[in-house]
Amino acid sequence: MKYNKDFLGGLYKMMVRIRTVEESFVQPILDKKIICPVHLCSGEEAVPVGISASLSKKDFVFGTHRSHGHYLAKGGDMGELVAEIYGKETGCSRGRGGSMHLIDPENGMLGAAPIVGGTISLALGAALASQIRKNKQVSISYFGDGATGEGALSESMNFASLKKLPIIFVCENNLYSTHMHISKMRDNTNNIADLAKPHNIKSYTVDGNDVLKVYETSKEAIEYCREGNGPVFMEFLTYRQRGHVGPDDNIQGTHTDIRPREEINEWLEKDPILRLKKVLLENNFFNNAEINKIHKEVELEVEKAFIFSDNSNKPQIKDLSKYVYK
Amino acid sequence: MSINNRKLTYSLAVNEAIKQMMEIDESVFVIGQGVESPWYVGNTCTGLIEEFGEERVIDTPVSENAITGSAVGAAIAGMKPIVVHPRVDFMLYAFDPIINQAANWYYMNGGRASVPLVIWPIVNRGGEQAAQHSQALHSLFAHIPGLKVIAPSTAYDVKGLLISAIKDPNPVVFIDDRWIYGQESNVPNEIYEIPFGKGTIRNEGNDITLVSFSYMAVEAQKATDELKNKGINVEFIDIRTIKPLDEDIILNSVKKTGKLVIADGSWRTGSFAAEIAAIVAQKAFKYLKAPIERVTLPDIPAPASSELEKAYYINSDNIIEAIKKVVNYK
Ligand SMILES: Cc1ncc(C[n+]2csc(CCOP(=O)(O)OP(=O)(O)O)c2C)c(N)n1
Ligand SMILES: [Mg+2]
């Protein structure tokens, strides 16, 4: 095994942090204690965790409607995430944005927004800024398979390739865009990663549930980008274990989840956390007690994050117009 | 029209209008994201795929610009498309085909080809959805020459206006609002049209004129009913279509009452409420006995936190407050 214990433990812990906090939202959503629309990323943790392992604080990330993992993996504070979802003044967006608008500029997380494809060109702009300033910051644009339908992606790839911008287009292909299977959105001979080819952009298709594969390929891509070789396109095959929005669209009555049970079960077996756990145990990096200790630590952190949110105030009505202009 | 006591919800009236027009006119088709998913379009498209097939009821990839452009192009080529956007916010990707192309096409081509198209953005807000899932942009569309804009508030009106929109040879923006979907009224079974530019007086009164449309008309009705109990007789006008606008119905009422409140569910600056105020200030100046009041959203993006949402969104209470202010003006 070419990795050391601490490094792998770090990846594991970050994935567990994301999963545990995601799952902690399930009951409050069903109880309607959480009101804002929440797009859980359970099952997709390996992508941002594997990528962020090669990013520095100064590198840029732009996210989507499903960005809890992007935010946490880039160093975002868990308490501020929970508080944002509860609409508190202490949330990372001061309760003005909710789950779909996560930001942490100090850690390079420049924002997330639910307009599909809407942040791709913004990440392009961050890459442009980095090129103009010559400071080798790499820009990550996260988007889903659904966003490949938007023209903005194609336009951004062309410009990135033309200017050799340090951007990585990261497509989290979880096979669905809300209620729609990918086969209803794209001709099935039309692989997503191939979209990069006519733009002469280096591209990869990677098992997005294997955090080590994610890490290895994205490390290579990030270095390539950082050295000024131009953009990279990465497609990660993954799957959301929860509904499109909230824990289970069918329980909630939104009825957008038409995914076959067998398919869901198949992907549950490819759970990225269980897979890394197996590696950790089989290589005797960790024993079960140590693994449990990580989970315990994380549970404590999540508990603290909820307490932080619970103890925080809602924004005050007198501040309704605060933040319209600086 | 036959006397009819059948009650239908607003959203099912939309459904029926589309269904009946698709039955009688093969050039009508529906395209847009989520037409097969109630999560996106409520029950407005229920049964359409089953009846007309996927060729005429087309759920699409997430490609608002191309899909809207394709609807515009199909209209130019002789079809009568209805292009739906489950949120007007998503439709902002499609401003080029709507504003540059569809709205201008007939004029800039000297009347050689028109664009018989219904553009159907749905407003859906509240529930802490924040700034990109809450916008109401009817005033923006009203600003564009070449577009017609309808903004119904009842089941009866939406069916008749939507049928008129489908039959209209021009691009018509159908302002739809999820908050109205459950409203019920009597709706005739058959196909009927409501002409554009004809408002309706929902309540006759002498004390003040209240003008509204779309969801705010529901709140305006509530305000009117409450004020009746308090001895204020509101003349409430639902204009139903923003463009063309029934100026006469508003002016005639203001000539009688001398007082005007306009309730518009979007932001204040550049709002359609401002347009109505300007028209009345110009054409009924000498009849006005008090300054005109507008009930609008503040010029602020929609917040997430429900604490702020409560202060942000407007309802019948805000209308009542404004009416009292104008009525008591000295
Ligand atoms: C411009 C735009 N169109 C439509 C939507 C509605 N919408 C919300 S999430 C979503 C699905 C996106 O799917 P994908 O990009 O694959 O991301 P996933 O939810 O699978 O993570 C859609 C279509 C939107 N938010 N923005
Ligand atoms: Mg997807």
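Q: Where in chain B is B:Pro244 placed?
A: In this predicted model, B:Pro244 sits in the loop that runs between strand E13 (241–243) and helix H9 (247–257) of chain B.

Q: And which form does the peptide bond from B:Lys243 to B:Pro244 take, cis or trans?
A: That peptide bond is cis, and its omega is near 5 degrees. As general background, most peptide bonds are trans, and most residues other than glycine have a negative phi.

Q: What about phi, then: is the value for A:Asn200 positive or negative?
A: A:Asn200 is a residue other than glycine with a positive phi, near 60 degrees.

Q: Where is A:Asn200?
A: A:Asn200 belongs to the loop between strand E6 (180–181) and strand E7 (202–207) of chain A.

Q: Buried or exposed, that A:Asn200?
A: A:Asn200 counts as exposed because its relative accessibility is 73%, and the cut-off for exposed is over 50%.

Q: What is phi for B:Ser214?
A: Phi of B:Ser214 is near 50 degrees, a positive value, and this residue too is other than glycine. B:Ser214 lies in helix H8 (residues 214–229) of chain B. With a relative accessible area of 6%, B:Ser214 is buried.

Q: Changing topic: where does ligand 1 lie?
A: Ligand 1 is located between chains A and B.

Q: How many residues surround ligand 1, and which are the closest?
A: There are 21 residues around ligand 1, and the closest are A:His65, A:Arg66, A:Pro114, A:Gly146 and B:Glu64. Sorted by class, this shell has 9 nonpolar, 8 polar and 4 charged residues.

Q: Which atom of ligand 1 is 2.7 Å from A:Pro114?
A: A nitrogen atom of ligand 1 is 2.7 Å from a polar backbone atom of A:Pro114. Oxygen atoms of ligand 1 also have polar partners: a polar side-chain atom of A:Arg66 lies 2.8 Å from an oxygen atom, and a polar side-chain atom of A:Asn174 lies 2.8 Å from an oxygen atom.

Q: How much of the accessible area of ligand 1 does the protein cover?
A: On its own, ligand 1 has 570 Å² of accessible area, and the protein covers 97% of that.

Q: OK, the metal next. Which protein donors does the magnesium ion (ligand 2) have?
A: The protein donors of the magnesium ion (ligand 2) are A:Asp145 (OD), A:Asn174 (OD1) and A:Tyr176 (O), which lie 2.0 to 2.1 Å from the ion. A:Asn174 therefore appears in two places in this account, since a polar side-chain atom of A:Asn174 also lies 2.8 Å from an oxygen atom of ligand 1.

Q: How are the donor residues spaced in sequence?
A: The spacing of the donor residues of the magnesium ion (ligand 2) is D-x28-N-x1-Y.

Q: Why does the pair A:Asp145 and A:Tyr176 tie together parts that are apart in sequence?
A: A:Asp145 is in the loop between strand E3 (139–144) and helix H7 (151–163) of chain A, whereas A:Tyr176 is in strand E5 (residues 176–177) of chain A, so the pair joins parts that are 31 residues apart in sequence. Both A:Asp145 and A:Tyr176 are buried.

Q: How many disulfides are there over all chains?
A: The count over all chains is 0 disulfides.

Q: Why no bond for A:Cys225?
A: The closest cysteine sulfur, in A:Cys171, is 16 Å from the sulfur of A:Cys225, which is too far for a bond. The cut-off for a disulfide is a pair of sulfur atoms within 2.5 Å.

Q: Is A:Cys225 buried or exposed?
A: A:Cys225 counts as buried because its relative accessibility is 1%. In chain B, B:Cys45 also counts as buried, at 5% relative accessibility. The cut-off for buried is under 20%.

Q: Last topic: where is A:Asp6?
A: A:Asp6 lies in helix H1 (residues 5–24) of chain A. A:Asp6 is exposed, with a relative accessible area of 66%.

Q: What separates the C-alpha atoms of A:Asp6 and A:Phe285?
A: Those C-alpha atoms are separated by 8.9 Å, while the two residues are 279 residues apart along the chain.

Q: And A:Ser67, where is that found?
A: A:Ser67 is in the loop between strand E1 (60–63) and helix H4 (68–73) of chain A. A:Ser67 is buried, with a relative accessible area of 0%. From A:Ser67 to A:Met1, 66 residues apart along the chain, the C-alpha separation is 31 Å.

Note on methods
Residues are numbered from 1 along each chain as its sequence is written. Chains are lettered from A and ligands numbered from 1 in the order in which they are written. This is a predicted model: local features need pLDDT of at least 70, side-chain atom pairs count only at pLDDT 80 or more; totals for chains, interfaces and linings use all residues. Side-chain values use heavy atoms; hydrogens and water are left out. A residue is near a molecule or strand if one of its heavy atoms lies within 4 Å of it. A polar contact is a pair of N or O atoms within 3.5 Å; within protein, one must be able to donate a hydrogen and the other to accept it, and residues adjacent in sequence count only if both atoms are side-chain atoms. Accessible areas come from the Shrake-Rupley method with a 1.4 Å probe; for residues, only the protein chains shown count as cover. Ala, Val, Leu, Ile, Met, Phe, Trp, Tyr, Cys and Pro count as nonpolar, Asp, Glu, Lys and Arg as charged, and the others, Gly among them, as polar. Donors are N, O and S atoms within 2.8 Å of the metal (3.2 Å for Na, K and Ca); water is not among the atoms, so sites may look incomplete. Helices (H or I, at least four residues) and strands (E, at least two) are DSSP runs, numbered from the N terminus. Buried means under 20% relative accessible area, exposed over 50%, partly exposed in between (1.4 Å probe, protein chains only).
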